[in-house]
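Visitor: Please take a close look at the buried interior and connect it to the strands and rings around it. I would like one continuous account, with the cut-offs stated.

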Number of protein chains: 2
Amino acid sequence: MEIKLVRKVLEAHEALAGEIRADLAKRRIYSVNVMSSPGAGKTTLLERTLASLAGELRAGVIEGDITTTRDADRIARHDIPVVQVNTEPFGGDCHVGANFVKTALGELPLEELDLIIIENVGNLVCPAEFDLGEDDKVVVFSITEGEDKPLKYPLMFRESSACVVNKLDLAPHLDVDLAALRANIEQVNPKLAVFELSAKTGRGLSAWLDWLRARVSAKRG
Amino acid sequence: MEIKLVRKVLEAHEALAGEIRADLAKRRIYSVNVMSSPGAGKTTLLERTLASLAGELRAGVIEGDITTTRDADRIARHDIPVVQVNTEPFGGDCHVGANFVKTALGELPLEELDLIIIENVGNLVCPAEFDLGEDDKVVVFSITEGEDKPLKYPLMFRESSACVVNKLDLAPHLDVDLAALRANIEQVNPKLAVFELSAKTGRGLSAWLDWLRARVSAKRG
């Protein structure tokens with residue numbers, strides 16, 4: 001009985017993710033699910049990325065948080081269409097689910113978009129387990145978290161297509177071993193595209209932007 | 001049917017937490033469940049705390065991680081009895097459950113202990129939802145995560161008795177607004193005991209140690 005119930009819920013979620021994937025494929029909109037621990041710099045990376053791509057790619061953002069609209073407020077300042085999803089009314093879910101994405105897509109001007117960025121709830125564990133119908137998962141990792149974390153939280157690094165190693169500006173003030181961090185990321189997922197940058201200063205951003213541009217172009221066909 | 005199933009699982013977990021609580025009460029051992037985002041400095045805080053209390057309080061440690069024994073290895077170097085719990089064989093659980101604690105307690109020399117520290121999986125969301133039979137929950141928060149996080153992840157701050165605000169040594173290199181952080185913590189839980197410190201340098205540690213000593217003494221009676 002227990003197994004049947006869990007299977008039913010997961011199948012419903014996968015069906016919804018499939019619908020999202022099919023709808024965005026038809027529209028040729030590229031979508032990326034950005035995940036990290038709390039405070040690794042997802043929103044700052046988004047702000048910097050959106051400002052850099054303004055006038056070039058038309059982006060929409062889905063902001064996932066347990067509560068508050070703080071991140072959506074930050075994105076809206078850039079004149080980007082943004083939908084805030086709060087999971088708190090649904091038990092404070094620790095991740096964005098396909099149901100939230102489906103609802104949020106109904107609020108975005110899809111005819112006008114090339115790119116949708118989903119900013120997930122800050123959590124290095126659970127969000128990696130859920131298919132949102134997105135083209136890519138990206139993990140943002142702050143070097144303040146320590147070089148051992150890819151080994152300790154491997155699923156998120158395995159499920160992602162790219163890893164943004166953020167807060168490089170703090171490197172001189174930390175004991176973190178960046179070579180060991182690179183080796184640990186490589187050990188967990190040798191196919192991961194890795195971008196070392198500082199979303200705060202903008203240093204190292206261009207390689208990340210090029211990767212994103214290429215993914216959007218490939219989807220457009 | 002769904003509600004019944006969820007209730008059954010939760011009731012079994014609560015019953016187990018109750019058994020742990022009763023057993024540790026009988027033995028007059030104080031227990032604390034230490035939680036945070038990945039890389040906020042829980043293990044470094046534990047190492048510093050255990051070194052400071054050596055010869056004064058007899059501590060045992062339960063290390064919860066999805067995978068690896070890295071944290072247990074760090075603690076074992078201090079000649080402290082430590083049990084590593086890996087949640088990966090059980091689906092990579094994003095938190096320590098009462099079942100893990102129950103098993104781990106069987107591996108610790110309880111007759112010789114005043115204090116048990118449970119280091120939870122790095123996750124600012126899910127661990128707050130589970131009663132482990134512990135006396136206190138403590139949230140460790142790194143100032144690198146930003147002053148808005150207590151508002152965005154309120155449950156962990158509400159459920160905790162104390163908050164260790166860590167990595168104070170990095171304050172000069174960050175844009176973080178510490179006064180706003182204090183106000184946000186206070187807004188979410190005005191009863192929280194807050195300790196601002198650097199586990200790395202040891203600055204500010206004594207107030208935290210005094211709080212811990214007082215909790216252990218109260219339990220001993």
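Guide: A residue is called buried when its relative accessible area is under 20%, exposed when that area is over 50%, and partly exposed in between, using a 1.4 Å probe and protein chains only. By that rule, Phe141(B), at 0% relative accessibility, counts as buried. The model is predicted, so local features need pLDDT of at least 70 and side-chain atom pairs count only at pLDDT 80 or more, while totals for chains, interfaces and linings use all residues. Residues are numbered from 1 along each chain as its sequence is written, chains are lettered from A and ligands numbered from 1 in the order in which they are written, and side-chain values use heavy atoms, with hydrogens and water left out.

The interior comes next. A nonpolar core is a set of buried Ala, Val, Leu, Ile, Met, Phe, Trp, Tyr and Cys residues joined through side-chain atoms within 4.5 Å. The largest such core holds 91 residues, and the members that touch the most others are Ile62(A), Leu105(A), Ile116(A), Ile62(B), Leu105(B) and Ile116(B). A second core, separate from that one, has 29 residues, among them Ala40(B), Ile117(B), Ala193(B) and Trp211(B). In soluble globular proteins, nonpolar side chains tend to be buried together. Contact here means heavy atoms within 4.5 Å. Leaving out residues up to four places away in sequence, the residues touched by Ile62(B) include Val83(B), Val101(B), Leu105(B), Leu108(B), Ile116(B) and Glu119(B).

In chain A, Ile62(A) belongs to strand β2, residues 59-65. Strands (E, at least two residues) and helices (H or I, at least four) are DSSP runs, numbered from the N terminus. Of the 7 residues in β2(A), 7 are buried. Gly60(A), Ile62(A) and Gly64(A) point one way from the strand, while Ala59(A), Val61(A), Glu63(A) and Asp65(A) point the other way. In a regular strand the side chains alternate between the two faces of the sheet.

Two strands pair if DSSP finds at least two bridges between them. β2(A) is joined by 5 bridges to β4(A), residues 115-119, in parallel, and Glu63(A) stands opposite Glu119(A) there. Another 5 bridges join β2(A) to β3(A), residues 82-86, also in parallel, with Asn86(A) as the bridge partner of Asp65(A). Between β2(A) and β3(A) the chain passes through helix α3(A), residues 70-76, in a right-handed β-α-β crossover. Right-handed means that, with the strands pointing away from the viewer, the path from the first strand over the helix to the second runs clockwise.

A second parallel pair in chain A is made by β6(A), residues 162-166, and β7(A), which 4 bridges join. Val164(A) has Phe195(A) as its bridge partner in β7(A). The route from β6(A) to β7(A) goes through helix α7(A), residues 178-188, and this β-α-β crossover is right-handed.

Phe195(A) leads to the ring pairs. Rings of Phe, Tyr and Trp (its six-membered ring) pair if their centres lie within 6.5 Å; planes under 30 degrees apart count as stacked, over 60 as edge-to-face and the rest as tilted. The count over all chains is 8 aromatic pairs. Phe195(A) and Trp208(A) form an edge-to-face pair, because their ring centres are 6.1 Å apart and their planes lie at 65°. Phe195(A) lies in β7(A), residues 193-196, and Trp208(A) in helix α8(A), residues 205-220, so the pair ties together parts 13 residues apart in sequence. Phe195(A) and Trp208(A) are buried, and ring pairs link them with Trp211(A) into a cluster.

In chain B, the rings of Phe141(B) and Phe157(B) have centres 5.9 Å apart and planes at 65°, so this pair is edge-to-face. Phe141(B) belongs to strand β5(B), residues 136-142, and Phe157(B) to helix α6(B), residues 154-159, so parts 16 residues apart in sequence are tied together. Phe157(B) is buried, with a relative accessible area of 0%.

Ala40(B), a member of the second core, lies in the loop between β1 and α2 of chain B and is buried, with a relative accessible area of 0%. Leaving aside neighbours within four places in sequence, its contacts include Val140(B), Ser142(B) and Lys167(B). Lys167(B) is in the loop between β6 and α7 of chain B and is buried at 13% relative accessible area. Lys167(B) has a positive phi of about 65° although it is not a glycine.
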